[in-house]
Amino acid sequence: MMAGSHIALGAAAWLVAAPHFGLPAVEPLSLGLAVLGSLLPDIDHPKSWAGRRVRPLSNLIGAVFGHRGLTHSALAVAACLVLLSQSDLRPSIVAPLVVGYLSHLAADLLTPKGLRLAWPLRGNYALPLCRTGSPFEPLVVALVLCWAGSGMGGPALVSRATLDSGWRELGLCRLLTGHGSFQPCATSAGSRPVRPIRTAGRGVGTPPPRGAAEGS
Ligand SMILES: [Zn+2]
């Protein structure tokens with residue numbers, strides 16, 4: 001999948017998973033780490049977001065293991081689980097990174113190329129729903145985000161307001177709106193933007209409630 005999709009899914013995965021770790025779901029550092037984790041597996045591709053930042057290392061990993069090789073394998077999943085089980089590592093750092101990383105692998109599993117889970121053995125495993133960069137990719141991402149936001153992905157400990165503020169923290173509203181018509185940050189039903197009005201002598205204010213007396 002594209003980097004934007006991985007970012008959105010990594011953040012959503014963390015919002016769902018955070019309560020299971022007893023950690024705050026919407027916290028800038030955790031969300032940032034989850035996003036970082038969601039981009040790390042593609043370090044094996046020198047043109048990916050992560051690969052461009054450490055190009056020599058990315059070239060080396062890509063040459064030795066190939067794209068969607070070791071970093072997208074069952075060994076990588078096992079390494080993630082080992083990291084999570086290390087009590088001497090700070091869960092507030094490791095958990096979002098690992099959750100983001102695993103969200104990337106789950107997302108790649110939805111593409112026809114899938115994952116080489118049995119690496120170094122050959123054979124790809126996939127649940128092909130959409131091609132990377134195809135018009136269906138944002139649709140699949142939107143569906144997963146709806147699923148995560150509805151509370152079906154875990155305990156409904158993350159309120160709609162909390163989710164919305166999380167999306168905004170990451171600028172995901174803008175990102176996803178660019179993908180299509182999905183609006184994760186829609187205002188609540190029935191609410192309309194309040195139009196500022198200028199009141200005599202009082203500067204800019206909000207309209208008084210209907211029927212309220214003007215002045216006293
Ligand atoms: Zn990948």
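1. Starting with the contact map: residues 24 or more positions apart account for 57% of the contacts in the chain with a separation of 6 or more. Keep in mind that this is a predicted model. Burial can be put as one number too: of the 216 residues, 33% count as buried.

2. On secondary structure, the chain has nine helices and two strands. Reading along the sequence gives α-α-α-α-α-α-α-α-α-β-β, with the helices ahead of the strands.

3. Now the core. The largest nonpolar core holds 35 residues, and those with the most contacts inside it are Ala11, Ala12, Ala13, Trp14, Leu15, Ala34 and Val99. Four elements give two or more residues to this core, namely α1 (3-17), α2, α6 and α7 (136-149). Helix α1 supplies the largest share, 10 residues. The next points go through how these helices pack.

4. Take α2 and α6 to begin with. Helix α2 (residues 28-39) packs on helix α6 (residues 91-109) at about 40 degrees, and their axes are 6 Å apart. Angles under 35 degrees would count as roughly parallel, so at this value α2 is oblique to α6. The crossing of the two is right-handed. On the α2 side the contact involves Ser30, Leu33, Ala34, Val35, Leu36, Gly37 and Ser38, and the residues they meet in α6 include Pro96, Val99, Gly100 and Tyr101. By class, that contact has 10 nonpolar, seven polar and no charged residues.

5. Ala34 deserves a look of its own, being one of the core residues with the most contacts. Setting aside neighbours within four places in sequence, Ala34 is in contact with Gly10, Ala11, Ala13, Trp14, Pro96, Val99 and Gly100. Which of these partners are also among the residues with the most contacts inside the core? Ala11, Ala13, Trp14 and Val99 are on that list.

6. Next, α1 against α6. Their axes come within 8 Å and cross at roughly 125 degrees, and the two helices are therefore oblique to each other. This crossing, like that of α2 and α6, is right-handed. Ser5, His6, Leu9, Gly10, Ala13, Trp14 and Ala17 of α1 make the contact with Pro96, Val99, Gly100, Ser103, His104 and Ala107 of α6. The class tally here is seven nonpolar, six polar and no charged residues.

7. How do α1 and α7 pack? They sit at an angle of about 10 degrees with axes 10 Å apart, and are therefore roughly parallel to each other. From α1, Ser5, Ala8, Leu9, Ala12, Leu15 and Val16 meet Glu137, Val141, Val144, Leu145 and Ala148 of α7. By class this contact has nine nonpolar, one polar and one charged residues.

8. Two backbone details to check in the viewer. The peptide bond from Trp119 to Pro120 is cis, with omega near 10 degrees, and Pro120 lies in the loop between α6 and α7. Then there is Arg68, which is not a glycine but has a positive phi of about 55 degrees.

9. Where does Arg68 lie? Arg68 is in the loop between α4 (55-65) and α5 (74-85). Is this residue buried or exposed? Arg68 counts as buried because 21 C-beta neighbours fall inside 10 Å, and the cut-off is 20 or more.

Methods: Residues numbered from 1 in each chain as written. Predicted model: local features only at pLDDT ≥ 70, side-chain atom pairs only at ≥ 80, totals over all residues. Axes fitted to C-alpha atoms, helices over the stretch in contact; angles between N-to-C directions. Parallel < 35°, antiparallel > 145°, perpendicular 65-115°, else oblique. Left-handed = near helix turned anticlockwise from the far one by under 90°. Contact = placed C-beta atoms within 7 Å. Nonpolar A, V, L, I, M, F, W, Y, C, P; charged D, E, K, R; others polar. Core = buried A, V, L, I, M, F, W, Y, C linked by C-beta atoms within 7 Å. Buried ≥ 20, exposed ≤ 12 C-beta atoms within 10 Å, placed from the backbone.
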